[in-house]
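Biologist: I should be grateful for a close look at a single part of this protein, namely one strand and its pairing partners. Please then place that part within the rest of the fold.

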Amino acid sequence: MTTCTVIAISLAGCGDNITAMVLAVETEHFRVYREIGAPPGCDALGVELEGFYSSFAKYLDVQGPAKKVTYKEYQHLALAFDACHNLTGSCYYPDSNTIISPIVSNSHEIAHVLETQVGGPRSGPFFFSEGVASMLGGGSATNRPDRRVDASLAVEDLVDSAASEDAVTSKYDRGVVYAAAAGCVRYLIDNFGKDGFMDFYGALDGLSRVADIKRRFLAMYGHEFDWVVQDWRICKPPR
């Protein structure tokens, strides 16, 4: 059962300016805040949020964070961008367990809440983190049905966290990189099994350099990562 209240507060932190918001919906795992003047929350929103949360937790076989997710829903996109350091319109901050979004129920960011629980407490590489979240919660309008992009996208290099973060800020549309990451993760799961991929992803906690990630992949799968990517590029689309 969700609760819908109207408690005026000022929320700051996670990079955002102080913005007057109200607690609109509270559920088992979420506290949803909206700007003053936005439509009130309702039980249907709580049911949808909890549905995404439980589905992703079950698929990933993880328990969520101990404290509830603070979900800041902005009517004004500029405020959401500001809260995400002007890098994107929606984001997830694991340290404070906070989602910033202009979307009522952002399944991609909810997926981040759960995928960060795979493995140890440290973050996994950017490429695989966004790949898991995009595969589960959707990426962007640039996704192709086959979850792949032009072969010119250097996926072999983008597993390096610095390279992938640079790619989405200066070289490629963010959605193009996310779509490729989702497709790559889906291919690995289809060919090496979900449990096998989750073991690999969990073992990447704290790793960010391409050489270390590829070395871990070779040790766990017995295949060169670059060869697997080449196979993915020419394989039949997943059904």
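**Strand β6 and its surroundings**

Modeller: In this predicted model, strand β4 (residues 69-73) pairs with β6 in the parallel sense, and 4 bridges join the two. Within β6, S101 has E73 standing opposite.

Strand β6 also pairs with strand β5 (residues 91-93), here in the antiparallel sense and over 3 bridges. In this case T98 of β6 has Y93 standing opposite. β5 and β6 form a hairpin with 4 residues between the strands, and in that hairpin N97 takes a positive phi near 55°.

The side chains of β6 deserve separate attention. In a regular strand, side chains alternate between the two faces of the sheet. Strand β6 spans residues 98-101; T98 and I100 point one way, whereas I99 and S101 point the other way. All of these residues are buried, that is, each has under 20% relative accessible area.

As for the rest of the fold, the protein contains 10 helices and 6 strands. Of its 239 residues, 49% count as buried. The exposed surface amounts to about 11,400 Å², and carbon and sulfur atoms supply 54% of it. Among contacts between residues at least 6 apart in sequence, 64% join residues at least 24 apart.

Aromatic residues provide a further view of the packing. The structure holds 15 aromatic pairs. In one of them, F30 and Y53, the ring centres are 5.6 Å apart and the planes stand at 80°, so the pair is edge-to-face; the cut-off for that class is an angle over 60 degrees. F30 belongs to strand β3 (residues 30-35) and Y53 to helix α1 (residues 43-60), so the pair ties together parts that are 23 residues apart in sequence. F30 and Y53 are both buried. Elsewhere, ring pairs link a cluster made up of F127, F128, F192, F197, F200, Y201, F217, Y221 and F225.

Helix packing may be illustrated by helix α6 (residues 161-171) and helix α7 (residues 174-192), whose axes come within 8 Å and cross at roughly 145°. On the α6 side the contact is made by A167, V168 and T169, and on the α7 side by R174, V177 and Y178. By character, the residues of this contact divide into 4 nonpolar, 1 polar and 1 charged.

To return to the part requested, β6 has β4 as a parallel partner and β5 as an antiparallel partner, and its residues T98, I99, I100 and S101 are all buried.

Methods: Residues are numbered from 1 along each chain as its sequence is written. This is a predicted model: local features need pLDDT of at least 70, side-chain atom pairs count only at pLDDT 80 or more; totals for chains, interfaces and linings use all residues. Side-chain values use heavy atoms; hydrogens and water are left out. Buried means under 20% relative accessible area, exposed over 50%, partly exposed in between (1.4 Å probe, protein chains only). Contact means heavy atoms within 4.5 Å. Accessible areas come from the Shrake-Rupley method with a 1.4 Å probe; for residues, only the protein chains shown count as cover. Axes are lines fitted to C-alpha atoms, for helices over the stretch in contact, and angles run from 0 to 180 degrees between N-to-C directions. Ala, Val, Leu, Ile, Met, Phe, Trp, Tyr, Cys and Pro count as nonpolar, Asp, Glu, Lys and Arg as charged, and the others, Gly among them, as polar. Two strands pair if DSSP finds at least two bridges between them. Rings of Phe, Tyr and Trp (its six-membered ring) pair if their centres lie within 6.5 Å; planes under 30 degrees apart count as stacked, over 60 as edge-to-face and the rest as tilted.
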